[in-house]
Amino acid sequence: MTFMEFDTVGLPREQRFDWWCEVVGAGVAPTRITSDEASDFTGSIGSLGMGRIQLTTMAFPTVQSERTAQLVRRGDPETYELTLVLGGSMEVSQRRNEARLSAGDFAVWTSSRPYRGRAVSGPGVGSARAIILHLPREMVPVPEARMDRLLASAVSGRTGMGRVLADHLTSVAREASALAPLDSPRLGLASLDLAAGLFAAQADALDRLPPETRHQVLLARIDLFVQDHLGDLQLGPGAIAAHHHISVRLLHRLFRDRGETVSTMIRRRRLERCHADLADPRLLAVPVHAIGARWGVGAPDRFSRAFRAAYGLPPGEHRRRTLGTCGRTTTASGPADIGPAASGAG
């Protein structure tokens, strides 16, 4: 299944809200939805099938939703609904739990029990937007009794395992329309592994995860650590292994199936950051070698050789071709945009 996206704009105004309710009921689970803005409803919804796992993106005005016991009996896809709030504020209650969510928070609930929800759009909180990952309950390796503790509880997507999963889901949603059909099932399994890692960490059930899932979670945490420390000259296999309390030997073994070594991955990502910064007009006043130093590439001659080997031209030439400039210009705000690493560069 490829990515499909719809919105209410092309529909007659009197049909928009009913259409929205029907699409949500078919794509998620039968749910009673009400809204004070039903007469002039505007919303969009996108859907990406990833094997048995589905990802949905939504944007909508203030709504209230309720899945009653009667609706559960009418139809139950038996899923866990993991929601990442991107905008607006939301409330959800299930069993005896209730969570209030803002942008950057996760919450999970199950389609197999009644729940209530409310999403608010407006000044101060922005438009209600969310990513929902629909996970078949039987595929989640965390025991149901442990999952019950997590229902309708807020989990931050700004730090730790929450951030790992949030970064992954926002990236999948952003690239959904460009994904090849064969990519989607693999992304579905990767999303399941990361979601299971988040659930297990919150429910104190990491020992219940299969070894391959634990490895995928660990690799995702390593990727995030590398991303956050690319400018650190001490970043390398030893530092990564020490931070994650594993041996360097295990670290290299984890990377075996990726087709590149740990050091190669660090170098590639550093050069990618340099490549992007050199094409950023806001950083035009920052010397080329300062950009290389910021991302830990090393001395100017070493940076130039590595960049040429990766991209086929020197870093300065890449900047000139991309930005259409023949020389360095200065702006008052340029050096400040790149941070402390540029302050000592001349």
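These legends accompany an overview and several close-up views of a predicted model.

**View 1. The whole chain, with 13 helices and 12 strands.**
The C-alpha atoms fill a box of roughly 70 × 50 × 35 Å along the principal axes. Of the 346 residues in the chain, 47% are buried. Among contacts with a separation of 6 or more, 73% join residues 24 or more positions apart.

**View 2. The buried side of helix α12.**
Helix α12 spans residues 315–323. Its buried residues are Pro 315, Gly 316, His 318 and Arg 319. These residues cover an arc of only 160° around the axis, which means that they sit on the same side of α12. Their cover includes three helices: α9 (262–278), α10 (288–294) and α11 (300–311). Just after α12 comes Gly 324, with a positive phi of about 65°.

**View 3. The crossing of helices α9 and α11.**
Two packed helices are described by the angle between their axes and the distance between the axes. Here the axes of α9 and α11 come within 11 Å and cross at roughly 90°. Helix α9 is therefore roughly perpendicular to α11. From α9, the contact takes in Leu 271, Glu 272, Cys 274, His 275 and Leu 278. From α11, Phe 303, Ala 306, Phe 307, Ala 310 and Tyr 311 take part. By class, this contact has eight nonpolar residues, one polar and one charged. Both helices also help to cover the buried residues of α12.

**View 4. Ser 35 in the loop between β2 and β3.**
The loop runs between β2 (32–34) and β3 (44–50). Ser 35 has a relative accessible area of 12%, so it is buried. A polar atom of its side chain lies 3.0 Å from the backbone nitrogen of Glu 37. The backbone oxygen of Thr 62 lies 2.7 Å from a polar atom of the Ser 35 side chain. Not counting residues up to four places away in sequence, Ser 35 touches Phe 17, Phe 41, Thr 62, Val 63 and Gln 64. Thr 62 thus appears both in this contact list and in a polar pair with the Ser 35 side chain.

**View 5. Asp 105 in strand β9.**
Strand β9 covers residues 105–110. Asp 105 is buried, at 9% relative accessible area. A polar atom of its side chain lies 3.0 Å from the backbone nitrogen of Ser 102. Beyond its neighbours within four places in sequence, Asp 105 contacts Thr 83, Leu 84 and Val 85, along with Arg 100. Its contacts also include Val 155, Ser 156, Gly 157 and Arg 158.

**View 6. Leu 169 in helix α4.**
Helix α4 spans residues 160–175. The relative accessible area of Leu 169 is 0%, so this residue is buried. Leaving out residues up to four places away in sequence, Leu 169 touches Leu 55, Phe 106, Ile 131, Leu 133 and Ser 191. Leu 187 is 18 residues from Leu 169 in sequence. Their C-alpha atoms are 9.7 Å apart.

**View 7. Glu 98 in strand β8, with Ala 152 among its contacts.**
Strand β8 covers residues 97–101. Glu 98 is exposed, at 55% relative accessibility. Leaving aside neighbours within four places in sequence, its contacts are Val 92, Ser 93 and Ala 152. Ala 152 is buried, at 1% relative accessibility. Its place is in the loop between α3 (144–150) and β12 (155–156). Glu 98 and Ala 166 are 68 residues apart in sequence. From C-alpha to C-alpha, that pair is 21 Å apart.

**View 8. Positive phi at Ala 152 and Asp 204.**
Most residues other than glycine have a negative phi. Ala 152 has a positive phi, near 55°. Asp 204, also not a glycine, has a positive phi of about 55°. Asp 204 is found in the loop between α5 (183–202) and α6 (211–228). Burial sets the two residues apart: Ala 152 is buried at 1%, whereas Asp 204 is exposed at 62% relative accessible area.

Key: Residues numbered from 1 in each chain as written. Predicted model: local features only at pLDDT ≥ 70, side-chain atom pairs only at ≥ 80, totals over all residues. Heavy atoms only, no water. Buried < 20%, exposed > 50% of the residue type's maximum accessible area, 1.4 Å probe, protein only. Helix = DSSP H or I, 4+ residues; strand = E, 2+ residues; numbered from the N terminus. Arc of directions from axis to C-beta. Contact = heavy atoms within 4.5 Å. Polar contact = N/O pair within 3.5 Å; in protein donor to acceptor, adjacent residues only side chain to side chain. Axes fitted to C-alpha atoms, helices over the stretch in contact; angles between N-to-C directions. Parallel < 35°, antiparallel > 145°, perpendicular 65-115°, else oblique. Nonpolar A, V, L, I, M, F, W, Y, C, P; charged D, E, K, R; others polar.
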